[in-house]
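Q: I would like to learn how to read the features of a protein model step by step. Could we take them one at a time, with the general idea before the case at hand?

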Amino acid sequence: MNHKRSINLEIRRLATKIRREFEHGPNRAYIDSVTGANGWIIGYLACNKDKDIFQKDVEEEFSIRRSTVSKVVGLMEQKGLIMREPVSYDARLKKLVLTQKAWELHKIAIEDSKCVEECLIQGLSEEEIEQLYVLLEKMSHNLKEKNKSNKC
């Protein structure tokens with residue numbers, strides 16, 4: 001297919017604009033204390049607070065390698081954002097648990113995220129928003145399939 005514009009470039013530009021919104025938002029201190037990956041992991045753990053979440057779950061959720069997750073989780077532990085706690089049913093496993101500091105940061109992030117989200121969807125109909133989700137999911141699936149087959 002020959003497009004006049006690059007979808008890849010447009011998504012990258014939008015992602016950069018979104019990041020800048022957070023960087024210049026009212027809760028700048030949050031951004032300074034937590035990297036993007038930390039913020040996404042905090043959000044994931046918060047949304048799954050009633051489940052035991054392990055490093056492997058984070059790998060799968062964010063499609064990142066084990067070594068990367070190990071490094072990020074280790075740094076998050078050092079920053080006092082998460083703890084690794086043993087589970088009663090398997091002594092080898094340690095679930096990831098948010099600290100009070102992380103819960104406070106999560107609350108701030110949710111406020112900022114809602115504001116940015118409202119800005120992003122301004123002027124879009126419910127149908128357009130739903131179609132956007134469908135298209136993004138298809139693109140994500142396409143990349144996953146490409147990675148399996150090593151073909152575009």
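**Cysteines, core and helices**

A: Let us begin with a cysteine: C47 is exposed, because its relative accessible area is 67%, and the cut-off for exposed is over 50%. Please keep in mind throughout that this is a predicted model.

Q: How far is the sulfur of C47 from the closest cysteine sulfur, and how many disulfides does the count come to?

A: The general idea is that a disulfide is a covalent bond between the sulfur atoms of two cysteines. In this model the closest cysteine sulfur to that of C47 belongs to C115 and lies 19 Å away, which is too far for a bond, since the two sulfur atoms would have to be within 2.5 Å. C115 is in no disulfide either, the nearest cysteine sulfur to its own being that of C119, at 7.2 Å. The count of disulfides by this rule is zero. As for its surroundings, C115 has a relative accessibility of 52% and therefore counts as exposed.

Q: Which residues touch the most other members of the largest nonpolar core?

A: In soluble globular proteins, nonpolar side chains tend to be buried together. Here the largest nonpolar core has 18 residues, and those touching the most other members are I42, L45, V58, M76, L81, I82 and L98. Two or more residues apiece come from helix 3 (36-47), helix 5 (66-78), strand 2 (90-98) and helix 6 (100-121), with helix 3 making the greatest contribution, five residues. To follow one member outward, take I82, which, apart from neighbours within four places in sequence, is in contact with L45, V73, M76, E77, L96, V97, L98 and T99.

Q: Which residues of helix 3 are buried, and is N38 buried or exposed?

A: The buried residues of helix 3 are N38, G39, I41, I42, G43, Y44, L45 and A46. N38 counts as buried because its relative accessibility is 3%, where the cut-off is under 20%. Its side chain makes a polar contact of 2.8 Å with the side chain of K79, and, residues up to four places away in sequence not being counted, N38 touches V72, M76, K79 and L81. The length of helix 3 can be checked as well: at 1.5 Å a residue its twelve residues should span 16 Å, and because its end C-alpha atoms are 17 Å apart, the two values agree.

Q: What span should helix 6 have, and where do its buried residues lie around the axis?

A: At 1.5 Å a residue, the 22 residues of helix 6 should span 32 Å, which agrees with the 32 Å between its end C-alpha atoms. Its buried residues are A102, L105, H106, A109, D112 and V116. They cover an arc of only 145 degrees around the axis, so they lie on the same side of helix 6. The face turned away from this buried side carries the exposed residues Q100, K107, K114, C115 and E118.

Q: What do D112 and L120 touch beyond their sequence neighbours?

A: With residues up to four places away in sequence left out, D112 touches F22, P26 and N27, and D112 counts as buried because its relative accessibility is 9%. L120, also a residue of helix 6, touches L14 and I18 on that basis, and its relative accessibility of 36% is why L120 counts as partly exposed. The C-alpha atoms of L120 and R13 are separated by 13 Å, although these residues are 107 apart along the chain. Just after helix 6, G123 takes a positive phi of about 85 degrees.

Key: Residues are numbered from 1 along each chain as its sequence is written. This is a predicted model: local features need pLDDT of at least 70, side-chain atom pairs count only at pLDDT 80 or more; totals for chains, interfaces and linings use all residues. Side-chain values use heavy atoms; hydrogens and water are left out. A nonpolar core is a set of buried Ala, Val, Leu, Ile, Met, Phe, Trp, Tyr and Cys residues joined through side-chain atoms within 4.5 Å. Buried means under 20% relative accessible area, exposed over 50%, partly exposed in between (1.4 Å probe, protein chains only). Helices (H or I, at least four residues) and strands (E, at least two) are DSSP runs, numbered from the N terminus. Contact means heavy atoms within 4.5 Å. A polar contact is a pair of N or O atoms within 3.5 Å; within protein, one must be able to donate a hydrogen and the other to accept it, and residues adjacent in sequence count only if both atoms are side-chain atoms. The expected span of a helix is 1.5 Å times one less than its number of residues. The arc is that of the directions from the helix axis to the C-beta atoms.
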